[in-house]
Amino acid sequence: MAINVTKICNMAILHVGGSKISSINDNSVEATICEVHYEIARDKVLGDKDWTFATSRAEIAQNAVDPVFGYQGSFTLPSDCIRVMEVFEDANAYKNGNNPLEWEREENNISADTTGSVFIRYIKRIETTSRFSAGFVDALHHYLAYLLAVPLAQNKGLQTDMMNLYLRSLKDAANADGLQGRSKRIRSSRLVNARLR
């Protein structure tokens, strides 16, 4: 059965003893509260883990205006960026595991000690529910239930229970939805040099 926003909201609503909705645009109290919280909850849960379905890559050109101090270049992040995972000066640095680049996220920019462009891995905002993994849906509906517990059930104890379920969902998803693929071999220069002696 295809998942959609209404089904995710109903999973959360049933956890806190509310009445199911037929659409997030209903005039019911449950739908109104879900409509207020859903997008914020979705983006929060996306940002809490390195979800494989939401991991993306991009090359970003340097901005015309550099940072006032501290870094050589500034780079505007994609508009769909939820969280930056890694930033590289060279695309090959990702494969060889050698990434000495110093960088920070500031507002919607990356400030870094490089010029020209940077390469990033990031968590992307995914709005299409058919792309969600099962682990993400589980975590999202628990977090949404946490947000609904007080306005719908007036129950702070239930809210605590929903947060605990959410944290457990994230832990379970780390095993089921962990980054899939062959791991990069990361060698420190110290280890390599020691082997060459």
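**Entry 1: Trp51**

I began with Trp51, which I found in the loop between H2 and strand E1 (55–61). The model I am reading is a predicted one, and I keep that in mind throughout these notes. I looked up the accessibility of Trp51 and read 0% relative accessibility, so I have entered this residue as buried. I then took the C-alpha to C-alpha distance from Trp51 to Tyr122, and noted 10.0 Å in space for a pair that is 71 residues apart in sequence.

**Entry 2: the chain as a whole**

I stepped back to the overall layout and counted six helices and six strands in the chain. Following the sequence from its start, I wrote their order down as α-α-β-β-β-α-β-β-β-α-α-α. The chain has 197 residues, and I noted that 41% of them count as buried. I also looked at contacts between residues at least 6 apart in sequence, and found that 70% of these join residues at least 24 apart.

**Entry 3: H2 against H4**

Two packed helices are described by the angle between their axes and the distance between the axes, and I looked up both values for one pair. Helix H2 covers residues 29–47 and helix H4 covers residues 134–153, and the two pack at an angle of about 135° with their axes 9 Å apart. That angle makes H2 oblique to H4, and I recorded the crossing of the two helices as right-handed.

Which residues of H2 meet H4? From the H2 side I listed Val29, Glu30, Ile33, Cys34, His37, Tyr38, Ala41, Arg42, Lys44, Val45 and Leu46, and opposite them in H4 I listed Phe136, Ala139, Leu140, Tyr143, Leu144, Leu147, Leu148, Pro151 and Leu152. Sorted by class, the contact of H2 with H4 comes to 16 nonpolar residues, one polar residue and three charged residues.

**Entry 4: Arg42**

I returned to Arg42, which has its place in helix H2. Is this arginine buried or exposed? I entered Arg42 as buried, because its relative accessibility is 5% and the cut-off for buried is under 20%. Setting aside the neighbours within four places in sequence, I found Arg42 in contact with Arg125, Ile126, Glu127, Phe132, Phe136 and Leu140. Two of these partners, Phe136 and Leu140, were already in my list for the H4 side of the helix contact.

**Entry 5: cysteines**

How many disulfides does a search of the whole structure find? The search gives zero. I checked Cys9 in particular, and the closest cysteine sulfur to its own is that of Cys34, at 3.8 Å, which is too far for a bond, because a disulfide needs the sulfur atoms within 2.5 Å. Cys9 has 0% relative accessibility and counts as buried, and Cys81, at 7% relative accessibility, counts as buried too. Cys34 had already come up among the H2 residues that meet H4.

**Entry 6: positive phi values**

I closed with two residues that have a positive phi. Glu107 has a phi near 55°, a positive value in a residue other than glycine, and its place is in the loop between strand E4 (103–106) and strand E5 (109–112). With a relative accessible area of 75%, Glu107 is exposed. Gln154 is likewise not a glycine, and its phi is positive at about 50°. I located Gln154 in the loop between H4 and helix H5 (156–176), where it is exposed with a relative accessible area of 62%.

Definitions and conventions:
Residues are numbered from 1 along each chain as its sequence is written. This is a predicted model: local features need pLDDT of at least 70, side-chain atom pairs count only at pLDDT 80 or more; totals for chains, interfaces and linings use all residues. Side-chain values use heavy atoms; hydrogens and water are left out. Axes are lines fitted to C-alpha atoms, for helices over the stretch in contact, and angles run from 0 to 180 degrees between N-to-C directions. Helices (H or I, at least four residues) and strands (E, at least two) are DSSP runs, numbered from the N terminus. Angles under 35 degrees count as roughly parallel, over 145 as roughly antiparallel, 65 to 115 as roughly perpendicular and the rest as oblique. A crossing is left-handed if the near helix is turned anticlockwise from the far one by less than a right angle, and right-handed if clockwise. Contact means heavy atoms within 4.5 Å. Ala, Val, Leu, Ile, Met, Phe, Trp, Tyr, Cys and Pro count as nonpolar, Asp, Glu, Lys and Arg as charged, and the others, Gly among them, as polar. Buried means under 20% relative accessible area, exposed over 50%, partly exposed in between (1.4 Å probe, protein chains only).
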